[in-house]
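Please open the model in a viewer and keep the selection panel at hand. The stops below go from one selection to the next.

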Amino acid sequence: MALLYVKKDEAVSLPEYQSSGAAGLDVKAYITEDITIEPGKIELIPTGLYLEIPEGYEVQVRSRSGLALKNGIIVLNSPGTIDSDYRGEVKVILMNLSDKPFTVKNGDRIAQIVLTKYEKAVFVEKKELSKSSRESGGFGSTGV
């Protein structure tokens, strides 16, 4: 298990798993005034969390399925990436895809985060790539 270090204000809630099998931890809004997201608009929502992520890991920020289904609220760049060398406040880009305004209140669960291990890529130039059954077939080339 990787340790995820957090610096926070006393009033900030730590992210929490909502069930024993959950991969994502719910994060909450940390705001002094309600933020209303109008239909089709985008808002940046603070969480009050500052993370120290182990090298070789990232934290992915994702939409909460309940918010998306019931209110049309998504994390715009989902999954967003928080790199291991970032030390600023975690903020979440929310977008309202519904036709109704949505108000975020302090303490609302607004997104989920997932700690993910990754490997660094090393690029090797080649004149030709190996053959495959798909070759250069793109979008929709493998069927519906």
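A residue counts as buried when its relative accessible area is under 20%, as exposed when that value is over 50%, and as partly exposed in between. The model on screen is predicted.

**Stop 1: D26 and R64**

Select D26 to begin. At 8% relative accessibility, D26 is under the 20% cut-off and so counts as buried. Now add R64, which is buried as well, with a relative accessible area of 16%. The two side chains meet in a salt bridge, with 3.4 Å from N to O. Because R64 sits in the loop between β6 and α1 while D26 belongs to strand β3, this pair ties together parts that are 38 residues apart in sequence.

Add R109 to the selection. D26, R64 and R109 are linked in a network of salt bridges. How many salt bridges does the structure hold? There are four, and two more of them come up at later stops.

**Stop 2: strands β3, β6 and β11**

Show β3, residues 25-28, together with β11. These two strands pair in the antiparallel sense over four bridges. For a single position in this pairing, select K28, which stands opposite R109 in β11.

Next bring in β6, which spans residues 57-62. Six bridges join β6 to β11, and the two run antiparallel. To look at one of the paired positions, pick R62: its bridge partner in β11 is Q112.

**Stop 3: Q60**

Stay in strand β6 and select Q60. Is Q60 buried or exposed? Q60 is buried, with a relative accessible area of 12%. The side chain of Q60 makes a polar contact with the side chain of R62 at 2.5 Å. In a regular strand, side chains alternate between the two faces of the sheet.

Then display what surrounds Q60. Leaving aside neighbours within four places in sequence, Q60 is in contact with P79, G80, Q112, I113, V114 and T116.

**Stop 4: S63 and the S78–P79 bond**

Move on to S63, in the loop between β6 and α1, the latter being residues 65-71. The side chain of S63 reaches the backbone nitrogen of V75 at 2.8 Å. Not counting residues up to four places away in sequence, S63 touches I74, V75, S78 and Q112. Q112 is also among the contacts of Q60.

From S78, step to P79 and look at the backbone. The peptide bond from S78 to P79 is cis, with omega near -5°. P79 itself is placed in the loop between β7 (73-75) and β8 (80-82).

**Stop 5: D34 and K105**

Which residue forms a salt bridge with D34? Select K105: the closest N and O atoms of this pair are 3.0 Å apart. The pair links distant parts of the chain, with D34 in the loop between β3 and β4 (35-37) and K105 in the loop between β10 (102-104) and β11, 71 residues apart. D34 counts as partly exposed at 45% relative accessibility, and K105 counts as partly exposed at 42%.

**Stop 6: D99 and K100**

Select D99 and K100 for another salt bridge, where the closest N and O atoms are 4.0 Å apart. K100 is exposed, with a relative accessible area of 56%. D99 is also exposed, at 65%.

**Stop 7: a nonpolar patch**

Turn on the surface and colour I42, L44, L76 and I93. These residues form a nonpolar patch on the surface, and together they have about 320 Å² of accessible area. Within the patch, I93 lies in strand β9, residues 89-96. At 31% relative accessibility, I93 counts as partly exposed.

**Stop 8: L14**

Select L14, in the loop between β1 (5-8) and β2 (16-17). L14 is partly exposed at 45% relative accessibility. Apart from neighbours within four places in sequence, L14 is in contact with V6 and K8. To place L14 against a more distant part of the chain, draw a distance to G48: the two C-alpha atoms are separated by 9.5 Å, and the residues are 34 apart along the chain.

**Stop 9: E135**

Finish at E135, in the segment after β11, which covers residues 109-117. What is to be seen in its backbone? E135 has a positive phi of about 55° although it is not a glycine. E135 is partly exposed, with a relative accessible area of 46%.

Key
Residues numbered from 1 in each chain as written. Predicted model: local features only at pLDDT ≥ 70, side-chain atom pairs only at ≥ 80, totals over all residues. Heavy atoms only, no water. Buried < 20%, exposed > 50% of the residue type's maximum accessible area, 1.4 Å probe, protein only. Polar contact = N/O pair within 3.5 Å; in protein donor to acceptor, adjacent residues only side chain to side chain. Contact = heavy atoms within 4.5 Å. Patch = residues over 30% accessible without salt bridge, like charges linked within 9 Å, V, L, I, M, F, W, Y side chains within 5 Å. Areas by Shrake-Rupley, 256 points an atom, 1.4 Å probe, with all protein chains shown as cover. Pairing = 2+ DSSP bridges.
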